[in-house]
Each structure stands twice: as C-alpha cells, then as structure tokens.
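Morning, everyone. I have one structure to walk through today. Let me put it on the screen.

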Amino acid sequence: MTAPVAVASGLTRHYSVKEGLFSKPQTVRALSDLDFTLHPGKTLAVVGESGCGKSTLARLVTMIEPPTSGALELGGKPATPDRWADLRGAVQIVFQDPYGSLNPRQRIGQILSEPLKINRPDMKAADREARAREMLELVGLRPEHYDRYPHMFSGGQRQRIAIGRALMMNPAVLVLDEPVSALDVSIQSAILNLLLDLQEKLDLAYLFISHDLSVVRHIADDIIVMYLGRAIETGTKAQVFAHPMHPYAKALLSATPQADPGGKRNRIKLEGELPSPLADLPGCPFAPRCWKTQDKCRTDRPPLMGDTHRAACWFPE
Ligand SMILES: Nc1ncnc2c1ncn2[C@@H]1O[C@H](COP(=O)(O)OP(=O)(O)OP(=O)(O)O)[C@@H](O)[C@H]1O
C-alpha cells in the first residue's frame, strides 16, 4: 500500500468553558485520543450523533485550530502550527451548506480562482483562469457558468462549485463535513458519484464526516464510529456494517434504512440523551445508555480492542 497522506496519533481537543462570570472553568472534552491513518484514493468515514466531536476533528485536520495534545502528520511530516502555512494547500474542506459557503457577490470564476490568488501570488491571471475553467468541467459544470453568480445555481450545483474550489490547490486530502446533508436525496447520489469519480481520477484521500450511515455505506472504505469525542469502533466498512461490535454502533446501524424496505430490521431504540461533554465519566462513555452495562463498564474505560476491527467495549457483540 502507498504511504499514508495523513496520520493522527492521540489527537485531542479540549475547551475550557465557564458557565457564569464567577464560576469555575470546566473542560469540554470535544475530542479525545483519536488515532487514524488516511491513504491516497481511500475514504475514511467518521460517524456519530451531533456533538460527538466530528466538526472539531475537521477543524484540527484542516489546521483551523491546533490540538490540545496528540499529533497530526501530513505527507509524512508533522503538521505543527509553524508549518501550517506551507501545509494548508494539502488539506482542503467542503462544508455542509453550499448556500452559506460561497460569497454571493463573487462570480464563479472568481470563487474558483481565489485560493490560487491568495496562495500562489506568482501565478499569472490567465493561468488561474485556465485552471478555473478546467475545474468547472472536472466537477460537471459548463463553461458558461464561469461568469455567473452563486444564486443562479441549484444546491447540488453549488456543492459542485464548493468541491471545485477545494480542489484548486491540488490537495492530497479533502475533508468533507456532511457534504450532502443539506441536499435533496435525489441530488445526494449525484454528488456522491462525483466525489467517487474525482477520487479515482485524482487519487484523493477523503475524511468523510457524516451522521448518515446510508450515505457512508455508499462511499466509505473504513469507518470510525465516535461517541462523546472518542472512537468507540473502527474497521472496514464491510466489518462495521456486517458485524457491529459496540452496542452503540449496533444501535446506530439498526436505525439506518435498508436497501430492502420489506426486509426485517430489529431497530434498537436508544434511551436517554448524549451525556454532557463536561462529565468526565470514569468508565465507558456509553454505559449510562447501554443495555449491557455491568459494574466494570461504570468504573473502567475500555480501550479499543481487536485486530483490524476494533471496539471499545468490555462486552462486545
Ligand atoms: N469552541 C468551543 N468551545 C467550547 N465547546 C465546544 C467548542 N467547539 C465544540 N465544542 C463542544 O464540543 C463538543 C463536540 O462538538 P462538535 O461540533 O465537534 O460535534 P459534532 O459531532 O460536529 O456535532 P454537530 O454535528 O452538531 O456539529 C460539543 O459538546 C460542543 O458543544
């Protein structure tokens, strides 16, 4: 296998928050101790409920903010803040909202050229334009779209523009933060197919963040299931979908619509809410909601256990 484009070891981001002016600061554990390896041409999907730390992870990998501890390597070199300026082009991001992420006052040609204008000031305007026109075609838009404004496009077309803008710097890694969640289901598959097509053509590595397992099923190679800022199950898509080991992963999957609508599905209903990220539970973070909880689960935090398919559970399925 080729060398990894991104490696995270023990990636952690905690925030200090104060509820009132005179109250003691508390720690929000948004992301704790995450490891992953990302290879060219592959998609690692990160799934979990709202608040599990997915967007925090996206901000760390795109170097919008530094980790509190742990390390990130990009292209085999440490992505320390002093090297961010050099590495930024290597990782780009596409956000969920194709309406909010494009400047309504700029024409599409300008939007696409902007990253080059900022990061490659030596590049001639004519070369930037040629690259932007090439990009329009690559993401399935037409040459005449170059002079139009974002409001003249549908949601799916705007997401194509956002993807094109992210690719202008030839990144090795694309972080896709819920890239199809704001789109109609009929448009979602066209965008997912575009992403698969671009990945094959450009050997891109995707970090695909999503709460939607039916989308993940379509695009992932490997999966990390997150719960309260921690990875609780990791494996290939086939492993996680066919035999979820962690009760939380099993419950999430049981709630996913299946390809066969008449098929039998034993939906597991999760009781209770996601606990507060301020609570640093000594045991398994899922213990308060788990139907298999025993005393050990409340006192000892299970590490990820297993070989290629791993789960952080004392009593895995
Ligand atoms: N800057 C911050 N300061 C304090 N707490 C934060 C900050 N950013 C995120 N958090 C907290 O960290 C936890 C994880 O947030 P994050 O946005 O990463 O989750 P998420 O899985 O992306 O959720 P969503 O899908 O709702 O965006 C949440 O409890 C959130 O409130």
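Start at strand 7. Val 173, Val 175 and Asp 177 point one way from the strand, Leu 174 and Leu 176 point the other way, and all of them are buried. Keep in mind that this is a predicted model. Strand 7 covers residues 173–177, and five of its five residues are buried, so the strand is largely enclosed by the rest of the structure.

Now its partners. Strand 6, residues 91–94, pairs with strand 7 in the parallel sense, over four bridges. There, Val 94 stands opposite Leu 176. Strand 8, residues 205–210, also runs parallel to strand 7, and five bridges join the two. In that pair, Leu 174 faces Tyr 206 of strand 8. How does the chain cross from strand 7 to strand 8? Through helix 6, residues 185–202, in a right-handed β-α-β crossover.

Step back to the whole sheet. This is an open sheet of eight strands, with mixed pairing and the order 6-7-8-3-9-10-12-11. Its edge strands are strand 6 and strand 11, the latter at residues 305–306, and each pairs on one side only. One antiparallel pair sits between strand 10, residues 230–236, and strand 12, residues 310–311, with two bridges. Thr 234 stands opposite Arg 310 there.

Next, the other sheet. It is open as well, with four strands in the order 2-1-4-5 and antiparallel pairing. Strand 2 and strand 5, the latter at residues 77–78, are at the edges. Each has a single partner strand, so one side of each is left without a neighbour in the sheet. Strand 1 and strand 2 are antiparallel, with nine bridges between them. One pairing to look at: His 14 has Arg 29 in strand 2 as its bridge partner.

On to the ligand. Which residues are around the ligand? From the strands and loops to the helix, they are Tyr 15, Val 17, Val 28, Ala 30, Ser 50, Gly 51, Cys 52, Gly 53, Lys 54, Ser 55, Thr 56 and Pro 277. Three elements give two or more residues to this shell: strand 1 (6–17), strand 2 (26–38) and helix 1 (54–61). Helix 1 gives the most, with three residues. By class, the shell has six nonpolar, five polar and one charged residues.

Now helix 5, residues 155–167. The helix has 13 residues and reaches 19 Å from its first C-alpha to its last, close to the 18 Å expected at 1.5 Å a residue. Is helix 5 mostly covered or mostly open? Covered: 11 of its 13 residues are buried. Among the buried ones are Arg 158, Arg 160 and Arg 165, along with Ile 161, Ile 163 and Leu 167.

Just look at the loop between helix 4 (125–138) and helix 5, where Met 152 lies. Why does Met 152 count as exposed? Because Met 152 has 12 C-beta neighbours inside 10 Å, and the cut-off for exposed is 12 or fewer. From Met 152 to Gln 294, the C-alpha atoms are separated by 57 Å, and the two residues are 142 apart along the chain.

Last, the annotation. An unreviewed UniProt entry carries "domain: ABC transporter" over residues 12–253. Across residues 12–253, the chain is 37% helix and 25% strand. The end C-alpha atoms of that stretch are 26 Å apart.

That is the tour. Questions, please.

How values were computed
Residues numbered from 1 in each chain as written. Predicted model: local features only at pLDDT ≥ 70, side-chain atom pairs only at ≥ 80, totals over all residues. Buried ≥ 20, exposed ≤ 12 C-beta atoms within 10 Å, placed from the backbone. Pairing = 2+ DSSP bridges. Right-handed = clockwise from strand over helix to strand, strands pointing away. UniProt positions renumbered as here; feature names shortened; annotations may be inferred. Near = placed C-beta within 6 Å. Nonpolar A, V, L, I, M, F, W, Y, C, P; charged D, E, K, R; others polar. Expected span 1.5 Å × (residues − 1).
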